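Subject: Structure handover

Hello,

Here is the structure I promised to pass on to you. Please open it next to this email, and my notes on what I found follow underneath.

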2 protein chains.
Amino acid sequence: MSTSGRLTEDRLIAKFFAPFAGEGAFGLRDDAARITPRAGHDLVVTVDAIVADVHFFRDDPASSVGRKALAVNVSDLAAKGARPVGFVLSLALPDDWREPWLKEFAEGLHHAARVFGCPLLGGDTVRAAGPFWVSVTAFGETPAGTMIHRFNARPGDAICVTGTIGDAALGLALRKYPLTEWARDMTLEKRVYLTDRYLHPQPRIAAADVVRRYARAAMDVSDGLAGDIAKMAKASGITAEVDLRMIPFSAAARLALDADPAQIDAIVTGGDDYEVLCAIAPENLDAFLAETKAAGVSATTIGRFCEGDMLPLFRDGSIEKRYEAGSYTHF
Amino acid sequence: MSTSGRLTEDRLIAKFFAPFAGEGAFGLRDDAARITPRAGHDLVVTVDAIVADVHFFRDDPASSVGRKALAVNVSDLAAKGARPVGFVLSLALPDDWREPWLKEFAEGLHHAARVFGCPLLGGDTVRAAGPFWVSVTAFGETPAGTMIHRFNARPGDAICVTGTIGDAALGLALRKYPLTEWARDMTLEKRVYLTDRYLHPQPRIAAADVVRRYARAAMDVSDGLAGDIAKMAKASGITAEVDLRMIPFSAAARLALDADPAQIDAIVTGGDDYEVLCAIAPENLDAFLAETKAAGVSATTIGRFCEGDMLPLFRDGSIEKRYEAGSYTHF
């Protein structure tokens, strides 16, 4: 029964979400959505949830949380070479949910949906004890049979990543420990840059088409570069060698590393980069790098896949290491 | 980082879910799934979450919870006239999750997936404070443009429901209050029947094709018959009249009503029926009833839609009532 002063699920949806619904959502007046992939296309489906106190802080701006819920999924689509088509969401509202918070959340989500070209198609909302919980299932399209997997890398393939690595991990550390030693001399501008990279992932949609045409294997870097390279290598039945000095860093991350070189481990095992990691056959490498650049996304070669079943090797000159834990995991 | 003795997400997926994955899931070794609807078909998408202490009891059998998570979604697909194609799930495991429970949950889910012809395609798992939470996004297929909506009912259309109404609401009441007065003389067999109807929804997949060919509007009855008829009427811009004496009841529900006629309100506003509610044009009614019967599903006419914007009217002889709250809601 609807409790005093609270919106019912139907009114909540009509008020906050229906105005933002895309075609195929029927104004959220139906209890299911319709997706009609273009002829000759496959649908790529990904699902990722974010939870208060695990994936975001309760005092993060609600609009940023809304944006992140969609961004982490669109990032997966981009890494599969897919063009976003739309999404559905499943919300759990905690007992102390407030309308203004939810309004801001919906606005952030809607803004992201417009920017990413990925409209809301439907959803489900329940109230439940526990933290705020949102799960997004996102849909993308590729020409039939061209979805890029994470398990087809081959020995000799170049390991490439888009953008820069480690900013979000450093941003999260700054968020938790603003007085951390390595940031003592950092300008406010660079601090903001790093925390923004944590708060507002930038899915590499612009690179999706190039990834689809050139990558042998691809996935997004969300659980830490070392762990994600290990996953791709393992799924492909091989291993990898990475040159730590070739990993692309932002100016802010470079400063942090200059102040404390040991931060490299946090950077390589931290998460939330939301860059694309891919395996590129040597004969396609030049074209891949040129075309990602032309698409407005930087891409860098950081190593290569090779035969073997060990954990990937990370080299810095004569220093070699393997990251045992590898991947940040919430378990 | 993986904590002592606990499975990482990857191992958990590999152990409990990968053996059950369908085609397009790539053995859950990828981070996205692929769906290729047949040429000339639309994809119907629905999402519904179930949460411990809200939609099920913590001491319900884990396999029943797994089954229910999928069943409530497949029920939506059937009511849209869609054939199940597959599903993805998003799991939140509470701090005190246990492997044997999750194993049983996965087995119940898998068994349901086989029975419903709706294989697992992918998923996401996080550990989070709060209750066990599972959200399923399910996919179905209809010939292009034939998905049945809940908003196209017209004045004069017959209101039909499949199966029997109220069993799950009575089963839930028995689950909570085994000594309830109306069940005093009820046999164990009938008690088990009612609680089973609560615990194990039976999505009307067998009726989907007939619904798609004959219904003007359709939805599943999940939040209570009165509320769901009100939703369909409102979405269609009309109202409805229902004859309470025509609502189909099981022998067990009939016994409960004989013992306590006031239970009719609990039956009509209770939830979890997971039957199909639909609007059938008068000229199609005979064919609809004959063909649902031929498909092995009973269907009953319980009233008709009509002009107006009031809440639907429920009649029992000279007694007339409208259900204000109408629909059970968790808000």
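Let me begin with a sheet in chain A. Seven strands form an open sheet there, ordered β7-β9-β6-β10-β8-β11-β12, and the pairing is mixed. At its edges stand β7 (215–221) and β12 (319–321) of chain A; each has a single partner strand, so one side of each is left without a neighbour in the sheet. Ignoring direction, neighbouring strands of this sheet are turned by 25 degrees against each other on average. Please keep in mind that this is a predicted model.

At the β7(A) edge, six bridges connect β7(A) with strand β9 (residues 275–280) of chain A, and the two run antiparallel. If you would like a pair to look for, A:Ala217 stands opposite A:Ala279 in β9(A).

Helices lie against this sheet as well. Helix α7 (residues 225–235) of chain A lies across β6 (158–162), β7, β8 (239–243), β9, β10 (299–306) and β11 (313–316) of chain A, and runs at about 145 degrees to β7(A). Helix α10 (residues 285–294) of chain A also packs on the sheet, where it touches β6, β9 and β10 of chain A, and its direction makes about 150 degrees with that of β10(A).

Now for chain A as a whole. It has 10 helices and 12 strands. A compact globule of 331 residues would have a radius of gyration near 20 Å, and chain A, with 21 Å, agrees with that. Along the principal axes, the C-alpha atoms of chain A fill a box of roughly 65 × 55 × 35 Å. Of its 331 residues, 57% count as buried. Among contacts in chain A between residues at least 6 apart in sequence, 87% join residues at least 24 apart.

The domain assignment divides chain A into domain 1 (9–143) and domain 2 (158–321). Their C-alpha centres lie 26 Å apart. Where the two meet, 18 residues of domain 1 of chain A are in contact with 16 residues of domain 2 of chain A. On the domain 1 side, α2 (62–79) and β3 (83–93) of chain A each supply at least two residues, and the largest share, 10 residues, comes from α2(A). By type, that side of domain 1 has eight nonpolar, four polar and six charged residues.

Next, how the two chains come together. In all, 58 residues of chain B are in contact with 57 residues of chain A. On the chain B side, β2(B) gives the most, with nine residues. The residues on that side divide into 30 nonpolar, 14 polar and 14 charged.

The chains also share a sheet: five strands form an open sheet in the order β1(A)-β2(B)-β5(B)-β3(B)-β4(B), with mixed pairing. β1 (33–35) of chain A and β4 of chain B are at the edges with a single partner strand each, so one side of each is left without a neighbour in the sheet. From one strand to the next, the twist averages 20 degrees. Within this sheet, 11 bridges join the antiparallel strands β2(B) and β5(B), and B:Val47 has B:Thr137 in β5(B) as its bridge partner. Helix α2 (residues 62–79) of chain B lies across β2, β3 and β5 of chain B, at about 140 degrees to β2(B).

Strand β2 (residues 41–51) of chain A is joined to β1(B) by three bridges, and these strands run antiparallel. There, A:Leu43 has B:Ile35 as its bridge partner.

Best wishes

Definitions and conventions: Residues are numbered from 1 along each chain as its sequence is written. Chains are lettered from A and ligands numbered from 1 in the order in which they are written. This is a predicted model: local features need pLDDT of at least 70, side-chain atom pairs count only at pLDDT 80 or more; totals for chains, interfaces and linings use all residues. Two residues are in contact if their C-beta atoms, placed from the backbone, lie within 7 Å. Helices (H or I, at least four residues) and strands (E, at least two) are DSSP runs, numbered from the N terminus. Ala, Val, Leu, Ile, Met, Phe, Trp, Tyr, Cys and Pro count as nonpolar, Asp, Glu, Lys and Arg as charged, and the others, Gly among them, as polar. Two strands pair if DSSP finds at least two bridges between them. The radius of gyration is taken over C-alpha atoms; the globule rule is 2.2 Å times the number of residues to the power 0.38. A residue is buried if 20 or more other C-beta atoms lie within 10 Å of its own, exposed if 12 or fewer, and partly exposed in between; C-beta atoms are placed from the backbone. Domain bounds come from an automatic or database domain assignment. Axes are lines fitted to C-alpha atoms, for helices over the stretch in contact, and angles run from 0 to 180 degrees between N-to-C directions.
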